Amino acid sequence: MSAPVVIVGAAMGGLRTAEALRRAGYAGALTVIGDEVHAPYNRPPLSKDVLSTVVSHEAVAFPARAATADVDWMLGTRVTSVDLDAHTIVTDDGTVLPWRALVIATGLRPRRLQLPPIAGRHSVRTLDDAMALRGELVPGARVVLAGSGFIGCEVAATARKLGCEVTVVSPSVEPIVRPLGRLLATELRRRHEAHGVSFRLGRTIAQLDGGNRLDEVVLDDGEILPADVLVEAIGSDCNTGWLASTDLDLRDGVLADPAMRAISIDGRVRDDVYVVGDIARFPNLMFDDVPRRVEHWNIPTDTGKRAGSVLGAWLADDGTYAEVAAQRFTPMPAFWSNQFEVSLQAYGLPGLADPDGIRILAGDIAAEVIVGYFRGERLVAVVGLGLKAALLPYREQIAAGVG
Amino acid sequence: MIKIQVDMALCQHYGQCVFEAPNVFHLNDDDKLEYLAEADDSERDNVEAAVDVCPMQAIRIVE
């Protein structure tokens, strides 16, 4: 019997890859290894609805499908290293496992402030993180958010709805300004402030004070914020440590081609190693041939399906592999956010827009609006606050590559 | 036939499903989701894809 296909990472990307492999006809052994003890679950609700109600695995678990019923799930297991020549991995209990093909889906971990540990510090990436935070978001709790990106602003809104006193601290000039640009960022801050969220922009956190647990957050300008809870949402780092001894290109995540095949530092494409999810740096020919990592929710699903389909064809060895791998793969980046009454939806890559390429396409910035992001004449992204049905035709424009 | 359920308490009307299964899901002019509770077996793959892309994970195929 041949060695199994091993998928390292048991979140959404790993799950969708496993399903796609079965759909592509691979019926052999399949092992999915994840460091969390939970079966795959949906992360976005952890900073939104779920955080404001009951946080449980049941509330966010992906439904299991019959096609993957015979997958060997090794949960609560971390892979510590891999040997691409010997085709083995080593897990944290020292077990050496062989593989026939390897899928890298280990994702990201939250970056943390470089400050001493103290009770009351939190991050929000995993279900366990959200469970730990949920109990602390009680009415009247003084909550400081480090970071003003999507997760920071979502947690801020959720904590405010739960009756907490909320202050967002960020070195940025506006919240969410890097992904959205100044126009929408200023409006989102206005809406947060209208709901009683305070901002300290252009500031960083210098010190944490307290005895047994956090009591004060000290900013770089000396201001002292009374605080019971600190939530750190200052970005993420790629979980590539276990790949350090390989010759894969790890300059930002793991480099892959549009078939999601891993590429080594000398440019060689591996037929037996695939990269899936927000750890994958790959070119999306919808925009250009520059490989990028994309931390949007749809990417693990789209890249997982793609990797499963290409790897399935390689394993089948029926002459279809070259054709499947050459198929055009241009997933539409898409993301969503709920903050108070704001329902934000985005397609494309707003970060590609020219500095002066951001303008209102429809609606009213103070109410419901559609904002377009242009590179030259070309629409590269669109963001809507409300106006969901009106947003859909712009999605087609982005996909078609027209202005 | 396949039977489709959308948990309307979860649904945020994002319309991702509309792209995957346009014969089954539709956003009306009020930005609200409308869908067919039953569809032909030929729609199964499209509806499975719609299940995958729903950010709220609100769609189920009832077996």
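# Exercises on a two-chain model

Chain B and chain A bury about 1,800 Å² between them, with 50% of that area on carbon and sulfur atoms. The model is predicted. Work through the exercises with the structure open.

## Exercise 1: The interface of the two chains

Task: Find how many residues each chain gives to the contact, and which residues of chain B lose the most area to chain A.

Solution.
- Step 1. Count the residues in contact. Chain B gives 18 residues, and chain A gives 26 residues.
- Step 2. Rank the chain B side by lost area. Tyr14(B), Phe19(B) and Asp52(B) lose the most to chain A. Together they make up 38% of what that side buries.
- Step 3. Look for charged pairs. There are four salt bridges between chain B and chain A. One of the pairs is Arg65(A) with Asp52(B), whose closest N and O atoms are 2.8 Å apart. Asp52(B) was also among the residues that lose the most area.
- Step 4. Add the polar contacts. Between the chains, twelve residue pairs are in polar contact, both residues at pLDDT 80 or more.
- Step 5. Place the chain B side on its helices. Helix H1 (16-20) and helix H2 (44-53) of chain B each supply at least two residues to the side that touches chain A. H2(B) gives the most, with five residues.

## Exercise 2: The domains of chain A

Task: Divide chain A into domains, then describe how domain 2 of chain A meets domain 3 of chain A.

Solution.
- Step 1. Mark the bounds. Domain 1 covers 5-47 + 62-109 + 237-326, domain 2 covers 112-234 and domain 3 covers 341-400 of chain A.
- Step 2. Locate the pair. The C-alpha centres of domain 2 and domain 3 of chain A lie 27 Å apart. Their contact takes eleven residues from domain 2 and 14 residues from domain 3.
- Step 3. Take the area. About 1,000 Å² is buried between domain 2 and domain 3 of chain A, and carbon and sulfur atoms give 68% of it. On the domain 2 side, Leu183(A), Leu184(A) and Arg191(A) lose the most area to domain 3, together 52% of what that side buries.
- Step 4. Check the polar side. The salt bridge count between these domains is zero. Five residue pairs are in polar contact across the interface, both residues at pLDDT 80 or more.
- Step 5. Name the helices. Helix H6 (177-180) and helix H7 (182-194) of chain A each supply at least two residues of the domain 2 side. H7(A) gives the most to that side, with six residues.

## Exercise 3: A sheet and a hairpin in chain A

Task: Trace the six-stranded sheet of chain A, then find how E13(A) and E14(A) are joined.

Solution.
- Step 1. Write down the order. The open sheet runs E3-E2-E1-E7-E20-E19 in chain A, with mixed pairing.
- Step 2. Find the edges. Strand E3 (72-75) and strand E19 (261-263) of chain A each pair on one side only. From one strand to the next, the twist averages 30°.
- Step 3. Examine one pair. Strand E2 (residues 30-34) of chain A runs parallel to E3(A), joined by four bridges. Gly34(A) has Leu75(A) as its bridge partner.
- Step 4. Add the helix. Helix H8 (residues 298-316) of chain A lies across strands E1 (5-8), E7 (101-104) and E20 (269-275) of chain A. H8(A) runs at about 140° to E20(A).
- Step 5. Turn to the hairpin. Strands E13 (residues 205-210) and E14 (residues 214-219) of chain A run antiparallel, with five bridges. Three residues lie between them in the hairpin. Asp209(A) has Glu216(A) as its bridge partner.

Terms used:
Residues numbered from 1 in each chain as written. Chains lettered and ligands numbered in written order. Predicted model: local features only at pLDDT ≥ 70, side-chain atom pairs only at ≥ 80, totals over all residues. Heavy atoms only, no water. Pairing = 2+ DSSP bridges. Axes fitted to C-alpha atoms, helices over the stretch in contact; angles between N-to-C directions. Contact = heavy atoms within 4.5 Å. Domains from an automatic or database assignment. Buried area = accessible area lost by both parts, 1.4 Å probe. Salt bridge = Lys/Arg side-chain N within 4 Å of Asp/Glu carboxyl O. Polar contact = N/O pair within 3.5 Å; in protein donor to acceptor, adjacent residues only side chain to side chain.
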